[in-house]
Amino acid sequence: NALDARQEWQPTGVSVPRDAAVARHAGAWILAGGVESGAPTAGVRLLKLEGGVPVVESLPDLPSAVTGAAAAVISDKLYVFGGSKTDGNEAAAADLW
């Protein structure tokens, strides 16, 4: 279905971290790292729709917090790479998880 330009944006009530790495897998989105409550996070979340309602589930955390990273799912495995270890202009992370 095409988006209807006459519809208005509606809040979902779901909060997600900013600057998170995002990957699509099996009809859901995986958000890894980012910034929550003003601090970098290692948290990983699965965001999916159940009956048109957004549902968030926690997954195992990354080994350390990272912001602005990239993510991809390859052969049912999540890879998170790059980004920064802190919220700001710190050195780029060279990690690949």
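Which residue in S6 does Leu 47 stand opposite? In this predicted model, Leu 47 stands opposite Val 56, and the legends below move outward from that pair to the other elements of the chain.

**Figure 1. Overview of the predicted chain, which has 8 strands and 0 helices.**
Followed along the sequence, the chain gives the pattern β-β-β-β-β-β-β-β. Of its 97 residues, 27% count as buried, and the accessible surface comes to about 6600 Å², with 53% of that surface belonging to carbon and sulfur atoms. When contacts with a separation of 6 or more are considered, residues 24 or more positions apart account for 28% of them.

**Figure 2. Close-up of strands S5 and S6, an antiparallel pair that forms a hairpin.**
Strand S5 covers residues 44-50 and strand S6 covers residues 53-59, and the pairing between these two strands runs over 7 bridges. The hairpin has 2 residues between its strands, and Gly 51, which lies in the turn, has a positive phi of about 65°. Two positions show how the strands are set against each other: Leu 47 stands opposite Val 56 in S6, while Lys 48 has Val 55 as its bridge partner in S6.

**Figure 3. Close-up of strands S2 and S5, joined by 4 bridges in the antiparallel sense.**
Strand S2 is made of residues 28-32, and within this pairing Ile 30 has Leu 46, in S5, as its bridge partner. Strand S5 therefore takes part in two pairings, since DSSP bridges join S5 to S2 as well as to S6, and each pairing has at least two bridges. Ile 30 also appears in the view of His 25, being one of the residues in contact with that histidine.

**Figure 4. Close-up of the salt-bridge network of Lys 48, Glu 50 and Glu 57.**
The side chain of Lys 48 meets that of Glu 50 in a salt bridge, with an N to O distance of 3.3 Å, and Lys 48 also meets Glu 57 in a salt bridge, here with an N to O distance of 2.8 Å. Because these salt bridges share partners, they join Lys 48, Glu 50 and Glu 57 into one network. Lys 48 counts as partly exposed at 21% relative accessibility, so it lies above the 20% limit under which a residue is called buried. Glu 50 is likewise partly exposed, at 44% relative accessibility, and Glu 57 is partly exposed with a relative accessible area of 31%.

**Figure 5. Close-up of the salt bridge between Asp 19 and Arg 18.**
The closest N and O atoms of Asp 19 and Arg 18 are 2.9 Å apart, and the count for the model as a whole comes to 4 salt bridges. Asp 19 is partly exposed, with a relative accessible area of 41%, and Arg 18 counts as partly exposed at 45% relative accessibility.

**Figure 6. Close-up of His 25 in strand S1 and its contacts further along the chain.**
Once its neighbours within four places in sequence are left aside, His 25 is in contact with Ile 30, Val 73 and Asp 76. With Asp 76 there is also a polar contact of 3.4 Å between the two side chains. The C-alpha atom of His 25 is separated by 8.9 Å from that of Leu 78, although these residues are 53 residues apart along the chain. His 25 has a relative accessible area of 27%, and it is therefore partly exposed.

**Figure 7. Close-up of Thr 41 in the loop between strands S4 and S5.**
Thr 41 has a relative accessible area of 12%, which falls under the 20% limit, and so this threonine is buried. Its side chain is joined to that of Glu 36 by a polar contact of 3.5 Å. Leaving aside neighbours within four places in sequence, the residues in contact with Thr 41 are Gly 33, Gly 34, Val 35, Glu 36, Ala 65 and Val 66.

**Figure 8. Close-up of a nonpolar surface patch made by Val 22, Trp 29 and Leu 49.**
The patch has an area of about 280 Å². Val 22 has its place in strand S1, which covers residues 21-25, and this valine is partly exposed, with a relative accessible area of 45%.

Terms used:
Residues are numbered from 1 along each chain as its sequence is written. This is a predicted model: local features need pLDDT of at least 70, side-chain atom pairs count only at pLDDT 80 or more; totals for chains, interfaces and linings use all residues. Side-chain values use heavy atoms; hydrogens and water are left out. Patches are made of residues with over 30% relative accessible area and no salt bridge: like charges are joined within 9 Å, nonpolar side chains (Val, Leu, Ile, Met, Phe, Trp, Tyr) within 5 Å. Accessible areas come from the Shrake-Rupley method with a 1.4 Å probe; for residues, only the protein chains shown count as cover. Buried means under 20% relative accessible area, exposed over 50%, partly exposed in between (1.4 Å probe, protein chains only). Contact means heavy atoms within 4.5 Å. A polar contact is a pair of N or O atoms within 3.5 Å; within protein, one must be able to donate a hydrogen and the other to accept it, and residues adjacent in sequence count only if both atoms are side-chain atoms.
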